[in-house]
Every structure is written in C-alpha cells, then in structure tokens.
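Let's take a walk through this fold, starting in a loop and working outwards to sheets, cores and cysteines. Keep the viewer open as you read.

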Amino acid sequence: MTTTMNSRSARLLTIALFTLFPSLCISTSASPHLLWYNHPAQTWTQALPIGNGTMGGMVFGTPAVERIQLNEETIWAGQPNQVVNPQAKEALPKVRQLIFEGRYKEARDLADQKVMPGAAGQNMGMPYQPFGDLYVALPGHAAYSDYERLLDIDNALSIVRYTVGGVRYERETIAPLGSKVIVMRLTASQPAMLSLTASFTTPHSDVLTGSLPLDGDEACAYLHGVTAKHEGLKGKVRFMGRLAAQADGGRVTVADGQLSVVGADTVTLYVSIGTNVIDYQDITGDEETQSRERLQQAMALGYDQLKARHLQLYHHYYDRVRLDLGDDLFPGLSTDQRISRFAVDGHSQPDNHLVATYFQFGRYLLISSSQPDNINPANLQGIWNEKMLPSWDSKYTTNINLEMNYWPAEVTNLTEMNGPLFRLIREISQTGRQTARDMYGVDGWVLHHNTDQWRITGPVDRAASGLWPTGAAWLCRHLWEHYLFTGDTAFLREVYPIMHDAARFCSQILVEHPTRGWLVICPGESPEHGGKGRPTPLDAGVTMDNQILTELFGNVLAAADIIGADDDLLPILREQLKRLPPMQIGRWGQLQEWLDDLDDPADDHRHFSHLYGLYPSDQISPFRTPELWQAARTSLTARGDVSTGWSMGWKVCSWARLLDGEHAYKLIQDQLTLTVDTFLIFGTVKQRGGTYPNMFDAHPPFQIDGNFGCTAGIAEMLLQSHDGCLFLLPALPSAWKDGSIHGLKARGGFEVDLWWRDGQLAKAVIRSANGGTCRLRSFTPLNGKGLKTAKPYPVTSPTALITYVYDLPTKVGGEYTIN
C-alpha cells in the first residue's frame, strides 16, 4: 500500500487549506489561480509559459525528457534596416487620383507596383525567432504515476510533480524577475535519486556547441550561433546560450556541449542567453560576455535568493489587483477540461473562477513579457515563439494588435509594463521621420501597419493591408492615456513632441475630397477590410482614419494647453478639426465604415475598425452621442460574435462600452472555447477562434493580443472612466452575481475597489493620487460622505440610459468609502 497522496487529492487539500487559512498562501487570493493538468504537454500550445521580459520559456513537463523551448527578446532575423520604395513619393498622387475617380483596382495595382517596398526588392520586415530548446533527460522516468503539472499564476512558478519507483519528484522552473535567466530546481523525496543529462538544440543552421569553464570548478555547456538571411537581408544577430548546474550531492560533469549529473539530492539548472543587440540601430554588443555575466550573477545568488527576489518583484506588480468572482467550484477538473465545459455550461453552472484565472493570466503574461527595462515590447506572441517563420513573423502589427497588447496596462494597475512600448514609440518617431520625407515628402513621422525590432516604418506586405499611414497616430493615444491615468505632467512634457510631430505628419497629408469638401487621408484604408465585393480596402476618408485624427489633434491641443506649448501647428489643427468628416449613420442604422454607405449587414469581418471611436477611443457615448452609440451597437451586432480570438477580445471591450454585460459575457464564453491544435486535424476542419489548452489565445494560430484584449474587457465591464466619470459596474453580467475587484485604475489618478451582492453595488472605495473632483456614475443611487448630486451630460435622445451621477471632492492621498 502506498502512503503517497495522489496529486488530485493533494491539490484539493491545498485549495481547502488556502481557503480556510489564507495566510498559508503567498498570494492574497483565497482560491489560487492555477493552470493545472494531469498529463504532460504534447504540443507547444499545451506547454506552459514563463518569462521575465528578456527570456521566455515554454515548459512541456514530460518526466523522462523535459523540454523547455527558449526565447530571448532580441533574437530576430536581419539587421538594422528600413524599407521604403524610392518610387513611392512620385506614385502616391497618382494612386490618390485613381481612388478619387473610383478606379480602386487600378489604384491597388499601381500601389503594389510603385509604392510597396516588395516591388522594389526590399524585405517585408523581419521575423522574431527562437533560440532553441533545453532538453533534460532523466533515465528510467518514463514509467511514472501520480502526475501533475501546473502554472501557479499567483506566484509565477511552473511546477511538475510525479512518482517513479516510490520516489516523488518535483521540478520548479522560474524565469526570475530581476535576473535575465531561466532556472529549474529538481528535487526528489529520497537522497541521491537525481541523475540526468541536459543539452541545447536549435533550429538555426549556423551554430557551434561545446563546453566552457566558468569561475572555480564549475563549467557550462554552450550553444553559439547567428541568425540566417531572410528575404535577402543577411542575419547579423549573434546569440550565445549557456547551461550550468549546481547540485547537492552527486557529481556534475560537462563535456561536448552536454551537462550530466549523477546521484544528486537536488539539482539546479541555470540557463542564460546573450546577444549582440544593444538597440534597434546598434548590434555591436558582446553576446559571449553578456551570457557569461548573466549566468554568473544568477549562480552567485543561488536558487533560493533568486526565487525570493522574483516573488518580491512579481507580487509588487501582480498583487495590486484582485478579482473575486466566487469560490472555485471545479478544483478537480484540469484547465483544459474547464475550458471545454465553459462555453457549454457557462450560464447553468458558471465557472467564474476560470474567468478570474483568465483575467489574472492576462496580467501574468504582460508582466512576464514586458518588463520596464526591456529592449522590445511584447510582440504578436508576447515573448514566446518556437518557429523560425512564425505567423505574421510575430512582429508588431500596429493596426490593432500591438495596441491591444497594452490595453490592460493602465486599467489593471501595470503601468510600468508600458516601458518597452514607450521606448518603441520614441524610437519609431525617429525612424519614421525619414520615411515621412522619403515617401510622402512631408514633415513629422509616420508608421504604417507593421514594425519590428529594427523599427521599420515603411509599408509592408501588399497595399491592401500595408498602405495605412495612421499607425503613429494610434500609438500616440497610449502616451496620452498614460497621462490621463497618472496625471504625470513631466511625462506629458517629454512625449509631447512625439504626439505633436505625428499630428504634423497627418496634418500635411490631408487633402480635400473632390466632391465632399472634407479633409481626408487618401490613400487610406479601414484596416484589412474593403467590404464585400470591393477589389481593395484602399479608399479616401475612411471612418477609422477620421476618428484617429480627431482624437490625435484634440489630444495634442489639450496637451499643449496643459504644458503651455504654442507654435504655428496648433491653429492649423484647430481649423482642420472642423473639416474632418463626421461619423455617419447609414441606411440600415449602422455606423458607416466608409464615407459612402457601403456596409453590408451580412459582413462578419474580424476587423470592425469604424468602431475605434467606441473602443478604445471615447468619441461614442450613450450620454453625449446616443444616436452614434445606437448605430455602433447596430454595427457590432451585425458583425456577429464568433471570430478570431483577438477580435472576440475586442468585442468584449466593445460590448462593455455598450453597457451590455450579458453580451460581453457571451463573448467571454466564445473566447474561452477550447481550440484543438490545428496540425492535429491536418487542415481538414476550419478552425474558429478561441483558447488553446494552455489558455493562449487562438486566432488561430496563437496571438497573444486576444489574451490581453479580454483581460482589458473584463476590467471594462467592472469600471469605466473614459466618459468624464468613474462608471461603477457599468456592464455586470448576471453570471457574476456576487464578487469584488480591488485595485483597478481609473483616469484622473484614481484607484478603485468594488464589492457587489445580488448584482448590485454594495460598496466602493476610491483612492485619489492627485486630488480634485471625482465624478461617479452608477445604475443605482450612492451614499457617502462628501457626495454631491451632479448635473450629468445633457440628454439629447430618449435612448440615453438613466443613471445616477455624483461629484466627490478628493484630496491628494485621500481614501473615500461609498455605499
């Protein structure tokens, strides 16, 4: 008879203990947020992600041969470069004229031939690439039992446990914050039972492997390589990975690129990777020195200190926000089983703790892929990628995907994670100046629909998707939003020139529409969507461009007032704002996507860019613009629900802005629909968007923006602050009858805790960082010291909803309780 408690029983006992004795858990959550499985990963989208912004790892958890797929943030193909077709400046006026004449196919063909860089033999941007894999072989561990693997989101730990021959084995793997390494600690319940071999593999061709001495008696295995040529551009990123071990008991040897341990009590494996990338224009770094120093620094601290510092730094960020949607009712089901049942039983017996886990998983991914000191922000796959040629190169798609990655940053209290995004914006504001001059012959700076580590700003791919010049303008809203959330005028003063020059570019490319008289961007496009039956998305004055310019020009003018700036551009922007096309309502009550009433009510395209004004922008409101708000609802309803994963994440945010918690929750159910790995069905079934077994978003394939978009959407269902007030519980679904959220951020420098019972607000606590009047809105009356009834926006339509509005005077550092 065995005395070992099986893993499922042990996990249930642990959850019960955490519930009864919360102090036993490092995290402050009563029910831990775990991704838990009773079998090893068979595919990459079943493996579990760890990361510290610099390094990323995917842990498979196979007992006999562990695999950790490895990434380092700066391993990209290519070298510093820019992409602009030298014929573009001459060809663009001809493309514009063809569009105005309605000759769209000819405009597209000319743009593909004379404007897009590919026609001039230039590359289309460089792919983000993997380092390779760490394999750890443990002889005799194929016959295992009592298996479990988990990702402890509350503590950023990957854990694998199993039993072989009566011995209980455990692997704990971390990508410790504060260090730029990945570390695995292996333990056994009996002494001298750990024997293993470990080595690197890589899909790169030009590599060397071997062994090197470190200080003292320790040695390391290494893999040293360089990225390959891509689309004619020679790869010049050099990388070096090192692997070393520390063991209690037993013997460690390293030879011929392989590390071996025999008869140890515990083993700690350390992995470092260095590259020659200093920044987007400088690749003169020393990858050998960098990888050696990172490894030595980590080993000098040792696993216990690395883990302690990791937990301290992680909890500094993660613990700021807690979401409680009720007890964990299904602790005995693995995560893939819970995802599988969620879409089916989400209303009859809702797995609300799975939703809370999904919310926190999004925050975990952002912390793990975008640390403040990183060179690069989170890309299309965050920091995790196993392929040399990943889908869409795993670049930065800037017509929604990069921006969506950072939608949760401010509202879920992770503002520091914006650091790498702001760095990218500063850098492309420099490279984009040359593109603006060479391609358009104007001042300021431009970004089209993609960039990469080398901060390219010219258009890539075909004109149908790439000739979209408002990427810079969209990214500037993140700079303005940071100011709105923090009130940091020093930051605003620093980034104002970036916003100003993006507006200057847009101002100078505006042209008068020949029949409408409005000022429009031409050529422009509603991203990747021309409408059913149209030959190309290329058009003039599309709704999204008009919304983005309205927002950018308004934000630049507001920022100038705040910091006391003045120059010749500002009066031009004021006049041009008056001449931008207004949003229009079409023949079937929809918000028009284009100047002409072309929208098809049967169109279910994944992009619904004309609703930018609803979310993420604030131009459409049930209280200020109720007719447009209803038109946006009509458009979104017609687009349907099920789509690509990232599109459904956007729809959660958008339905929250439409104050429809039931529909937003339905989209969460659609998002949390289990997606089978596509290669397993050999392309025989068309895949819909959803969620992979490891909770990664499925476009499919994997795109991380859907994770971030849905996390932001859940926050938006509970708190909104874009419309001149803090709207408490604006889109609460009936499935979340009781719950609480702590630590959400709101514009104006406010932090908010909320409790609700039976679907009604029970209590709110408002903390003010900057002081001033806090305007509150609720579907129910509020009570609290200092609250004064406020006069809301004028109601211009009977479609506007009835709410209660109050003003709360606050002081810097004050805390206020509302009932």
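**A walk through the model**

Start at Thr675, which sits in the loop between helix H17 (661-671) and strand E24 (690-691). Helices (H or I, at least four residues) and strands (E, at least two) are DSSP runs, numbered from the N terminus. Before going on, some ground rules: this is a predicted model, where local features need pLDDT of at least 70 and side-chain atom pairs count only at pLDDT 80 or more, while totals for chains, interfaces and linings use all residues. Residues are numbered from 1 along each chain as its sequence is written, and side-chain values use heavy atoms, with hydrogens and water left out.

Is Thr675 buried or exposed? At 5% relative accessibility, Thr675 counts as buried; the cut-offs are under 20% relative accessible area for buried, over 50% for exposed and partly exposed in between, with a 1.4 Å probe and protein chains only. Arg688 lies 13 residues from Thr675 along the chain, yet their C-alpha atoms are separated by 7.6 Å.

Now jump to strand E28 (residues 739-746) and its partner E29, which pair in the antiparallel sense over seven bridges. Two strands count as paired if DSSP finds at least two bridges between them. Within this pair, His742 has Asp753 of E29 as its bridge partner. Three residues separate the two strands of this hairpin, and Gly748 in the turn has a positive phi of about 100 degrees. E29 (residues 750-757) is mostly covered, with seven of its eight residues buried. The chain then turns again: E29 and E30 form a hairpin with two residues between them, and here Asp758 has a positive phi of about 50 degrees. Eight antiparallel bridges link E29 to strand E30 (residues 760-768), and Arg757 is matched with Gln760 in E30.

For a wider sheet, look at the nine strands in the order E1-E6-E7-E8-E9-E16-E13-E12-E11, which form an open sheet with antiparallel pairing. Strands E1 (34-37) and E11 (207-213) stand at the edges with a single partner strand each, so one side of each has no neighbour in the sheet. From one strand to the next, the twist averages 15 degrees; the axes behind it are lines fitted to C-alpha atoms, with angles from 0 to 180 degrees between N-to-C directions. Inside the sheet, six bridges join E6 (residues 145-152) to E7 (residues 157-164), and Leu150 stands opposite Ile159 in E7.

What about the packing? The largest nonpolar core has 219 residues, and among the members touching the most others are Leu70, Ile668 and Trp736. A core here is a set of buried Ala, Val, Leu, Ile, Met, Phe, Trp, Tyr and Cys residues joined through side-chain atoms within 4.5 Å. Helix H12 (residues 489-509) gives the most to this core, with 11 residues. A second, separate core of 16 residues includes Trp36 and Leu150.

Helix H13 (residues 543-563) is worth a stop too: 16 of its 21 residues are buried, so the rest of the structure largely encloses it. After H13 comes Gly564, with a positive phi near 75 degrees.

Last, the cysteines. How many disulfides does a search of the whole structure find? Zero, taking a disulfide as a pair of cysteine sulfur atoms within 2.5 Å. For Cys774, the closest cysteine sulfur is in Cys725 at 8.9 Å, too far for a bond. Cys774 is buried, with a relative accessible area of 0%.
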